[in-house]
Each structure stands twice: as C-alpha cells, then as structure tokens.
Amino acid sequence: MNTELKNKIFEKIRNYNRIILMRHIRPDGDAVGSTMGLKALIKAAFPQKEVYIINEDFSDYLSFLGGEDADISREMYGEALGIVLDTASPERISNKKYVLCKELIKIDHHINISPYGDISWVEEERSSLCEMIADFYITFSSELTLPKEAATYIYLGMVTDSGRFRTVSTNSETLQCAAVMLGAGIDTDRLYANLYLEEYDFYKYKAFIYRNMKLTKNGVAYIYIDRKTQERFGLTTEQACNAVSFLDSIKNSIIWLAFIEYPDESIRVRLRSRFVTINQLAEKYSGGGHDRASGATVGSVKEMRALIRDADKLIKEYKETHEGWL
C-alpha cells in the first residue's frame, strides 16, 4: 500500500543528516509513540544521523517513556528534514518552527482536510499512526533494524489509539503489524501497568463520573468536568479527559461525550461513538477527527448544550434508519 510514497520518504530519510520529528499539540499515545518509535528506527539504522523530537508541550501520562529533545537553533532547521506525525492540520503542529525546515513530510491517518508538506502520506483507514510506522518498518525491514524500544513505542501507540484493538478500523493488517512489534520482545506487563494502573483516589473520580453522568432521551451519554472538580480530585486535564472512556459501554447509547473545562476557560470535548459517524458533528464545533473518535471545542455552557442536542438528533436519525445497534 502506497509503496511509491513510502519509497520517497525512505529516500529522504536516507539523504538527510538532520531530521526533526514533530507531532500534534496535547499529545496522546499514538502521537508520542509514533515520534519516539520512528526516531528509534532511524537511529538504529543510521546511528550517525542527528534525529530530534522537538515540540512545545508534553504528556504527563506518557512521561514514563522518557523525555523529548531540547530545541535547536533556527539555523539548524534550515538544513533539516521535518517529519510531522499524526497531525491533520498545520495549526495543530506542536512546533511552530516546522516552517523553517528545508523539506517537510506529513505522515497521518486522519481525514486529509488540510493537506500540507512536500510529501504527504495519509491513510485514513488505519487504526493508528503507529500502525503506519509499523508498516513502514515492515516495508523496509531488510534495511532497517527493530530494537525493542522502538517496537515498544510503536506498539503502545497501536494499543492506545485502537482502544486495545477494539475500534472498527482494527483489521487483520493491524494485528499483523502488532505481531511483528511483539516479536521484538516487548515487556507487555510493564507497558500495560504504566498505561492502565491508577492511583486509589482516581477510582473516587471514576465513581463521581458514574454518579453524575447524564443520558439524553435518545441515548447520548455525557459528563461535564469543570476546573473545580478537577482540583477536587487532583487531576491533570489528561486524566479528566479519560472520563469519556468510562461511558463507552452503556446499552442504547451510541454516542458519548466528555466536556472538560481547561485553564483558559474553554471547554474541550471528547466525542466517541459506536456505529454512527461523528466527525462532521465535531467539525461543526471547531473540531474534527476520525469517524468515531473526534474532538471539538465549545465556548460556553450554552454551546455545550447545543452540541448535546445535535448529538441527540444524530442518534435519533440513526436509530430510525438502521438496525442492529445495541
């Protein structure tokens, strides 16, 4: 799949001595795993190259993987190849100096509504960007090396972005790519412990979600987490956003939403669904994403209620015209 594009990207990597990897703001496991995984692959095959991961924010949740690199001078960007991973649009790139790079490559699996870069490799049907990086390794396995650390980063992104291989975009190729990564000797016990174990007090937050979640007439499950609640439970915004995953197993609810108040008083929205497509709903509210996993932003409680009403209408229309939903 996309062999010509992958060949072009591999040649650029081979020809540049300095490579700068970037990802989207407010990174998730896929964004961090793909940048760290690709860096480890490149350094293993070409140890003489300068490879940097440079961004303007970070993830507390994934700090167990280690840090990223300090910024370099503006002049050094001018002779560098920039590779932006898992980022649909330029405004979400977490390193605004990407414009200084001599050439820029986009590798992504989101809907390609904002093309950019001198080379753009986008596969919207992939379960994760890390699946594409695994595929990249497999394509050039005769010339690349797969160290255990690279496999760990890539597998982490695959696991987290596919909901532990449960999303509809998970297919046989996804699992084949995961199998190759596992073959490198990943310590899954340690990895899953870091990803999924929580402090005892976090379960009090989870109980709070279940006590306070709401359900609309047609089956939209939703929760609003304001700053006061986040402070009460000692949560980072990343931890607060995890609330959306607590709502994913309610019968008759095929859209679920988490509204999280941020320090700047904006309200970020995590939208998830089963069966029904929601990315167009997210786009209406300054967001976007995948068919069944998107993000958005609302400016007020009034706008939040409007989004809930639109989601409820979407479920109503879907249930009236489809069968087989639970």
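**Close-up views of a cavity and a strand**

**View 1. The cavity and its lining.** The count comes to one cavity of 30 Å³ or more, a cavity being a set of points on a 1 Å grid over the protein atoms alone where a 1.4 Å probe fits but cannot get out. Its volume, the space filled by probe spheres set on points joined across faces, edges and corners, is about 40 Å³. The lining residues (those with an atom within 4 Å of a point) are Phe 10, Ile 13, Leu 38, Leu 41, Ile 42, Phe 46, Phe 136 and Leu 144. Helix 1 (3-15) and helix 2 are the elements that give two or more residues to this lining; helices (H or I, at least four residues) and strands (E, at least two) are DSSP runs, numbered from the N terminus. The largest share, three residues, comes from helix 2.

The model is predicted: local features need pLDDT of at least 70, side-chain atom pairs count only at pLDDT 80 or more, and totals for chains, interfaces and linings use all residues. Residues are numbered from 1 along each chain as its sequence is written, and side-chain values use heavy atoms, without hydrogens and water.

**View 2. The two faces of strand 1.** Five of the five residues of strand 1 (residues 18-22) are buried, that is, under 20% relative accessible area with a 1.4 Å probe, protein chains only. Arg 18, Ile 20 and Met 22 point one way, and Ile 19 and Leu 21 the other.

**View 3. The partners of strand 1.** Strand 1 runs parallel to strand 2 (residues 50-53), joined by four bridges; Ile 19 has Val 51 as its bridge partner. Strand 1 also pairs in the parallel sense with strand 3 (residues 81-85) over four bridges, pairing requiring at least two DSSP bridges. Here Leu 21 stands opposite Ile 83.

Key
Buried means under 20% relative accessible area, exposed over 50%, partly exposed in between (1.4 Å probe, protein chains only). On a 1 Å grid over the protein atoms alone, a cavity is a set of points where a 1.4 Å probe fits but cannot get out, and a pocket is an open set with protein on both sides within 12 Å along at least five of seven lines; lining residues have an atom within 4 Å of a point.
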